Amino acid sequence: MKSKEYNSFRTVFAHVLLVILSFMCLFFFYILFVNSTRSHADLQKGFSALPGSYFFTNLTNVTNDGTFPMVRGIVNSLIVSGCSAAICIYFSALTAYGLYAYDFKAKKVAFTFIMAILVMPTQVTAMGFLRLITKMGMYDSLLPLIIPSIASPAVFYFMYSYLQSSLPLSLVEAARIDGSKEFRTFNQIVLPIMKPAMAVQAIFTFVGSWNNYFVPALVIQSKDKMTVPILIALLRGADYLNRDMGKIYMMIMVAIVPIVLVYLFLSKYIIAGVTLGGVKG
Amino acid sequence: MKKKLLSAVLVSAMLAGTLAGCGSGGGVNSTPTDNGGSADTGSDVSADGGASEAAQTDEGQVINIYSFNDELRNRITAVYSAIENTSDDGTVSTLNDGTEIHWIINPNQDGVYQDKLDEALNGQASASADDKVDIFAAELDYIVKYTDADINVAMPLESLGINPDTDLADQFDFTKTVASDQNGVQRASTWQACPGVLVYRRDIAKEVFGTDDPEEIGKKTKDWDVMKETAEELKAAGYYTFSSYADTFRLYNNSMADAWVSPGETTIKVDQKIIDWVTDSKEWKDAGYFDPAVKGQWNSDWFTAMSSSAKVFAFLFPAWGIDTQMVPNWDGEAGAWAVTNAPLSYNWGGTFVLAAEGTDNPSHVKDIILALTADTDNLTMISKEYADFTNAKSVMQAAAADDSFASDFLGGQNPYVYFTPGADSIKMAPLSAYDQGCVELVQNAFGDYLQDQIDYNKAKENFETAIRERYPEITQIQWPE
Amino acid sequence: MKQKRKKIDYSKWGYIFILPFFASFFIFSLIPLIDTIRYSFYEYYRSGLKEIGPNFIGMANYAELLKSDMLKYAGNTLILWLIGFLPQIVIALLLASWFVDARLKIRGQQFFKVVIYLPNLIMASAFAMLFFTLFSNKGPINSILLSMGVTQNPIDFMGSVFGTRTLVGVMNFLMWFGNTTIMLMAAIMGISPDIFEASEIDGCNSMQRFFRITLPLIRPILAYTLITSIIGGLQMFDVPQILTNGQGSPDRTSTTLIMFLNNHLKSKNYGMAGALSVYLFIVSGILCFIVYRITNDEDPDGSKAAARKNKKGRR
C-alpha cells in the first residue's frame with residue numbers, strides 16, 4: 001500500500017519534471033518562431049507572445065540575399081553530412097568486422113592504436129590538416145569535409161561492441177563453408193545484422209557533421225560552398241545585417257527547420273533505432 | 001521483427017538521402033561551368049560592340065569586387081552608369097558591354113573579411129583572369145595594411161591613369177593623405193569623408209531643455225565640461241546622455257598624438273587619450289550618464305537604444321551612421337532626431353576603394369573609381385539621396401548653404417551645416433596597420449573594467465594578452481606615465 | 001594443423017578490411033599531426049600580408065604558452081563542461097529509469113522522447129546565436145521578466161561570469177540530455193527483466209534496485225557516454241565562441257582551450273598554434289588513460305568486460 005502511494009507520488013513528480021524539461025526545449029523554438037514573423041520595427045518595441053505578419057516578407061528577404069546563400073548552404077550541408085554519414089558507418093563497420101572476425105599479428109596493436117586516438121580532438125591536427133589539403137589541391141572544396149570521416153574511432157568503438165554482443169563467429173564460419181567470399185559475407189550477412197547499430201551511428205554522424213563548424217570554417221573559402229554553420233557564424237559578426245533582426249531570426253529558422261522536420265517525420269524510427277543500438281551495445 | 005523492419009527503413013532512408021546528396025554534388029561542380037558559359041556569351045556581345053570600344057575587348061569578363069558590406073555595392077550601382085542590371089540576390093551585376101561584376105561580400109567583424117581578402121590577394125598571381133581580385137574595399141582602421149608600398153597589393157592610382165593632383169583635386173586633403181603609402185603615392189580613393197556630429201532626440205531635448213533648436217542644444221554640447229552639466233540635467237529627468245562608453249571612444253581615439261605603432265617599430269604605445277577615455281568613461285558610467293543595459297556597439301542592445309522605447313538622448317555619428325544605423329533602427333515617425341556639434345570634432349571611419357595589383361580589368365576599374373570618387377555630379381547625388389557626406393569640397397560647401405539637402409529624418413534640418421565645418425577642422429590621428437586590432441581589443445579589455453567585472457590593472461593585463469595573441473610580432477606594450 | 005593454415009589464409013582479409021580506416025587516418029590525421037608538431041618548434045606566423053619564418057626556436061613556443069593563461073583556459077573548459085555534464089547525466093539517469101519503469105505509467109512517453117531529443121539536432125552555432133539574442137539586455141527574456149515584474153532592471157546575463165558560464169552550461173545540457181537519456185534507456189532495457197523480478201521478490205525498493213542493479217549493469221554504456229562527453233567537452237568551441245563573439249568575456253572566463261587555439265590560428269601563428277595543439281594532444285591522452293583506468297580494471301578497451309558482465313547478467 002505504502003509503496004503504491006510512493007509510486008503514484010513518483011509518477012506525479014516524473015510528469016512535472018518532464019513537462020518542465022519539455023517546456024525548456026520548446027520554449028526557445030517558440031520565441032524563435034514568433035520573432036521570425038515580426039518586422040524589425042516591431043521587434044524594437046519589445047517582445048510579444050503572439051506571432052506577427054511578416055513571416056513571408058522575412059522569408060523572401062532571406063532567400064533573396066545572395067550574400068548569405070542559406071538555401072545553398074542547406075544543400076551543401078546535406079551533401080556533406082549525408083556522404084559523411086554513409087562512408088563513416090560503412091567503413092567503421094568494415095574496420096570493426098576486420099578486427100573482430102580475423103586473427104592477425106597486428107590485431108592487438110591496431111585495436112590499441114584506435115582506442116588511443118579515440119579522444120584526440122580533431123582540432124589538434126587542424127593546422128597541419130589545412131596545410132595538407134592545400135597542397136593536395138582540395139582547399140575550398142567539400143571533399144576534405146567528407147573523406148576523413150572514414151576514420152572515426154568513436155563509431156568504430158560502438159560498432160565493435162555491437163559485433164561482440166550480436167555476431168557469433170560461427171555464422172561467419174558457416175558462410176565460408178557455403179563458399180561465400182569474404183566481402184560477400186560482410187556485405188550480405190554481417191551488414192544486415194549490424195543495421196541497427198549502423199542506423200544509430202548514421203544519425204549521430206549526420207548530426208555531428210551537420211553541426212560541425214570548426215573544420216569547414218577553416219577549409220571553405222567561397223560563398224557557394226559554405227555550409228549552414230559557417231553562414232550562421234557570419235551572421236553573428238555581420239553588423240550591417242543586424243539592422244534587420246527579423247531577417248536574422250528567419251535565417252536561424254531556415255537553418256534548423258529542415259532537420260527538425262525530417263526528425264519529426266522520422267522520430268519514431270530514429271528513437272527506435274537509437275534504442276535498438278543501445279540494447280546490444 | 002518489426003524493429004528490424006523499422007531500422008531497415010531508416011537505413012534505406014538515410015542511404016537514399018545520401019545518394020541524392022552525392023548526386024547533386026555533380027550539380028555543384030557544374031555550376032561554375034554554367035557561369036563560364038554565360039561569360040562566353042558576354043564576350044560575344046562585347047566583341048560585337050568591339051568596334052566602338054576597342055580598348056576594352058582584351059579585358060577580362062569578370063570584375064571581382066571584395067567588400068565588407070552592401071554599402072559599396074549600393075553606391076557603385078547608383079553611380080556607375082555602365083551597369084545595366086543587378087541580380088535579385090545582389091551577387092552579380094551586368095555591364096552594358098557584357099562584363100560582369102561579381103560582388104564578394106564578407107563581414108568585417110572577427111577579421112573574416114580581411115582573411116578572405118588576404119587569401120585572395122596572396123593567390124592573385126596564380127589565379128585565372130576571371131578569379132583575380134580587381135577592386136577591394138578597406139576601412140580607415142586597416143587601410144595602412146593594404147597601401148604599404150613594400151607589399152604592393154594596391155596599384156598606385158597613377159598606374160591606372162588617374163592623376164590625384166588633377167582628377168581628385170576636389171577631395172578633402174586628409175582623405176588623400178591617409179590613402180597614400182609611406183612614399184606619398186596615393187593608392188586608394190574614397191567617396192566619403194566622415195566628420196562626426198552629435199545626433200539627439202528632439203522630444204527629449206524639448207522635455208528637458210525646453211527647446212530642440214540645434215543651435216541652442218549645440219551650446220550645451222560644445223565641450224566636455226559643459227557636456228557633463230548637460231548630462232546631469234538629463235539624468236535628473238531620467239534620461240541617459242549616451243548609450244555606452246564605446247560611443248565616445250572615437251572622439252578620444254581620433255585626437256591621439258602618435259600612432260598606436262610607429263612605422264618600423266614593434267612597440268604599441270597606448271596614448272594618454274585612451275587612458276583619458278577610460279577614466280572619463282568610468283566617471284560617466286558611475287554617475288549614471290550611460291545606459292547600463294548597453295555594452296559596446298554593433299549589438300542588438302545598442303540598436304535597440306536607437307529606438308523610440310529607449311531613454312538615450314544622443315549618439316555620436318558621422319553621416320554614414322545616421323543613414324545606415326539610425327534610420328533602420330528608428331521605429332517612430334521621421335523627424336524625431338536632429339544634429340548638432342559634438343564636444344570635440346572627430347572623424348570616424350571611411351570606406352576606401354583600391355585597385356588590386358594584377359587586375360585584368362584596369363580600364364573598368366579606373367572608370368569605377370572615377371565615377372564613384374571624383375565625379376561631382378555623382379557625389380552630389382549620393383549626398384542628396386543617401387545623406388552621405390561626400391568627398392568633394394566644393395559640393396559640401398554648397399550643400400551647407402543649400403536647403404534642398406535638408407533631411408526628413410532630421411525633421412527638415414540641413415545636417416551639412418554641422419558636417420562641413422567639422423570636415424575642415426579634421427586633424428587625422430596618425431594611422432598604423434594595427435589600428436583595427438588595437439581599437440577592438442582596447443574596447444574589449446576595458447569594457448570588462450567599465451562593467452565592474454575586473455580592476456584596472458587586470459584590464460591592462462588582458463589587453464596585453466589579447467594583443468600578443470593577435471600580433472605575435474609585437475614585442476612590447478607601453479603605457480603612459 | 002589444417003585449421004592453423006586456414007587462419008593464416010584469412011588474416012590477409014583482416015588487413016584489407018582495416019586498410020581504409022588506417023589509410024584515411026594516416027593521410028588526414030597523422031601527417032597533419034606530424035606537421036603540426038614539427039612547426040611547434042618554429043617561429044612561424046603572418047604579419048599583415050608578410051610571412052615571418054619559419055625559424056627554428058626549439059621549445060620557446062612551449063615555454064611561452066606555459067607563461068600564458070593556458071591553464072586558466074583549461075580550467076574554464078573543465079568548469080564549462082562540468083556545468084553541462086553533471087545535470088545532464090543525473091537527469092538522463094533519472095529519466096531513463098522512469099521511462100523503463102512500467103509501474104510509473106508515464107503518459108505521452110513517445111512525445112517526451114521526441115521533444116527531449118530535439119535540441120540535439122540543432123546546430124550549436126545556431127543555438128548559441130539564438131541564446132545570444134534571447135538573453136541580451138533588451139532581448140525577449142528580459143522583456144518577459146520585466147513585464148512579469150520578476151525584476152526591476154534588465155538582468156545582465158552575459159555580463160557576469162556566473163551568467164555566461166551558466167548559459168553555456170544550460171545550452172550544453174539541453175543539447176545533450178535527451179541523447180544521453182535515450183542511450184541509457186536502451187542500456188537499461190537490455191538488462192534481463194528476470195533480474196528485476198528477482199530483486200522485487202527479494203524486497204528491493206526502487207532506490208536499491210537502481211543503485212545495486214541498474215547502475216552496475218549499464219556501466220559500459222555509462223563509460224561510452226563519459227568518454228564521448230569528455231571528447232566533446234575538450235573540443236568545446238562553437239557555443240562559447242559564438243555566445244561571446246570569440247572574446248570569452250567577461251575577463252576571458254569563458255575562453256576554452258579550443259577558442260585559445262582558434263585565436264592563434266586566426267592570427268596565422270602556426271608555431272604557437274602547433275605548440276598548443278601538442279599540449280592538447282597530451283592532455284587528451286592523459287584523460288583517455290584516466291577514463292580507461294576508472295571504467296575498467298582488466299582490459300584496455302572496456303567492451304570485453306562489459307560484454308562479459310552483460311552476459312553474466314543475462315544468465
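Q: What makes strand E2 and strand E3 of chain B a pair?
A: Two strands pair if DSSP finds at least two bridges between them, and strands here are DSSP E runs of at least two residues, numbered from the N terminus. In this predicted model, E2 (residues 83-86) and E3 (residues 92-95) of chain B share three bridges, in the antiparallel sense, so they meet the definition.

Q: Which residue of E3(B) is the bridge partner of Asn85(B)?
A: That partner is Thr94(B). Five residues sit between the two strands of this hairpin, and Gly90(B) has a positive phi near 75°.

Q: What makes a residue of chain C count as buried, and what percentage of the chain is buried?
A: A buried residue has 20 or more other C-beta atoms within 10 Å of its own, with C-beta atoms placed from the backbone. Of the 315 residues in chain C, 48% are buried.

Q: How many residues does each of chains A and C bring to their contact?
A: Chain A brings 80 residues and chain C brings 82. Residues are in contact if their C-beta atoms, placed from the backbone, lie within 7 Å.

Q: Which helix of chain A gives the most to the side that touches chain C?
A: H1(A) does, with 15 residues. Helices are H or I runs in DSSP of at least four residues.

A few notes on reading the model: residues are numbered from 1 along each chain as its sequence is written, while chains are lettered from A and ligands numbered from 1 in the order in which they are written. Since the model is predicted, local features need pLDDT of at least 70 and side-chain atom pairs count only at pLDDT 80 or more, whereas totals for chains, interfaces and linings use all residues.

Technical notes: Buried ≥ 20, exposed ≤ 12 C-beta atoms within 10 Å, placed from the backbone. Contact = placed C-beta atoms within 7 Å.
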